[in-house]
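User: I am new to this structure and would like a close look at a single part of it. Please take one sheet, describe how it is put together and what packs on it, and then set it beside the rest of the chain.

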Amino acid sequence: MMTRRHLTGRSLVLLLLVAINSVHLVAQSQSAAQSNTQPPVLSPSANQPLLRFEVASIRPHRNAGDEPSDRRMLPGGRFIATATTVRTLIRVAFGADDDRIFGAPGWIDDETFDIDATTVNRAEITTPQQFQQVILSLLEDRFGFKFHRGQKEGPVYWLEVDKSGKLGPAIKPGSPNSQPNISTNSDGQKTVMAASGMSMADIASALSRQAGRLTEDHTNLEGNFDLLLEWSPAESPDATNPPLFTAIKEQLGLKLQPAKGAIETVVIDRITHPSAN
């Protein structure tokens, strides 16, 4: 469950992963909206099997107060959403925050919808990329959504090895049989990122969501890795864990170096109210 507004990069990934938790995917759990400068975390991939919704009921939400918005993917290819804005669907489809979405009309923030949709042949959604793909297809099929991608220059981080050839105690090469998996959980006092079988590019992407800025892999480290990273999400004299940047150095032997880079944007060319059911 999450509030209707203020979904940012960290909660976008929560949305993508928790929505398909019922089909045994990695769930990333964060309790609060965070950074406002996140990169697209996941993009609909041409390498994934083409999935679409065969049946989709979309109705204006009957507002009965400040109701929470909810989206989830259920077994049998069923997607349920309540009190959901079209902007949220666009954020989900591209893993992008508002500062990367341009050309949006005002109604996509103000009007909410209830959605009940099922994939063709009840095909299961088994990856976050597939979830993005079906949400994008829903936007295209029912909201007349058309877009193009752009780029802007902005601040990024480079993920680098802090001391050449030496990694920290909380990261090690992944075992050959490791299943790719990454999760981030926070109780407000401590945040824990656990990963197995993930490349440095994957780890950099995950750190983007925590550092609040696109993070590019510049470690030159090949292969997959397992890690367990713990930090305090807020600076406090009572904190028992270091802040994120210090934890990355001490526990992983890596560092985040500020830099400039190209950031992908989504430009909306057309979007309309949903077609009739």
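Analyst: In this predicted model, 4 strands form an open sheet in which the order is S7-S11-S9-S8 and the pairing is antiparallel. At the edges are strand S7, residues 171-173, and strand S8, residues 181-186, each of which pairs on one side only. Neighbouring strands of the sheet are turned against each other by 5 degrees on average, if direction is ignored. Strands of a sheet pair through backbone hydrogen bonds, either parallel or antiparallel.

The edge at S7 can be followed residue by residue. S7 is joined by 3 bridges to strand S11, residues 224-231, and these two strands run antiparallel; within this pairing, Lys172 has Asp226 of S11 as its bridge partner.

Helices also pack on this sheet. Helix H5, which spans residues 200-211, touches S7, S8, S11 and strand S9 (191-199), and the direction of H5 makes about 155 degrees with that of S9. Helix H6, residues 244-252, packs on the sheet as well, where it touches S7 and S11, and its direction makes about 135 degrees with that of S11.

Elsewhere in the chain, strand S5 (residues 112-119) has two partners to consider. S5 pairs in the antiparallel sense with strand S1, residues 53-60, over 7 bridges, and also in the antiparallel sense with strand S3, residues 78-85, over 6 bridges. Phe113 of S5 shows both pairings, since Pro60 stands opposite Phe113, while Phe113 is also the bridge partner of Thr84. Strand S5 is mostly covered, with 6 of its 8 residues buried.

That brings in the nonpolar interior. In soluble globular proteins, nonpolar side chains tend to be buried together. Here the largest nonpolar core has 32 residues, and the members that touch the most others are Val86, Ile90, Ile135, Leu139 and Ile271. Among the elements that each supply at least two residues of this core are S1, S3, S5, helix H2 (86-94) and helix H4 (128-143), and H4 gives the largest share, 7 residues. Apart from this core lies another one, of 25 residues, which has Phe225, Leu227, Trp231 and Leu254 among its members.

Ile271 offers a view of the largest core from one position: leaving aside its neighbours within four places in sequence, Ile271 is in contact with Val86, Ile90, Pro105, Trp107, Ile108, Phe143, Gly144 and Phe145.

Definitions and conventions: Residues are numbered from 1 along each chain as its sequence is written. This is a predicted model: local features need pLDDT of at least 70, side-chain atom pairs count only at pLDDT 80 or more; totals for chains, interfaces and linings use all residues. Side-chain values use heavy atoms; hydrogens and water are left out. Buried means under 20% relative accessible area, exposed over 50%, partly exposed in between (1.4 Å probe, protein chains only). Two strands pair if DSSP finds at least two bridges between them. A nonpolar core is a set of buried Ala, Val, Leu, Ile, Met, Phe, Trp, Tyr and Cys residues joined through side-chain atoms within 4.5 Å. Contact means heavy atoms within 4.5 Å. Axes are lines fitted to C-alpha atoms, for helices over the stretch in contact, and angles run from 0 to 180 degrees between N-to-C directions.
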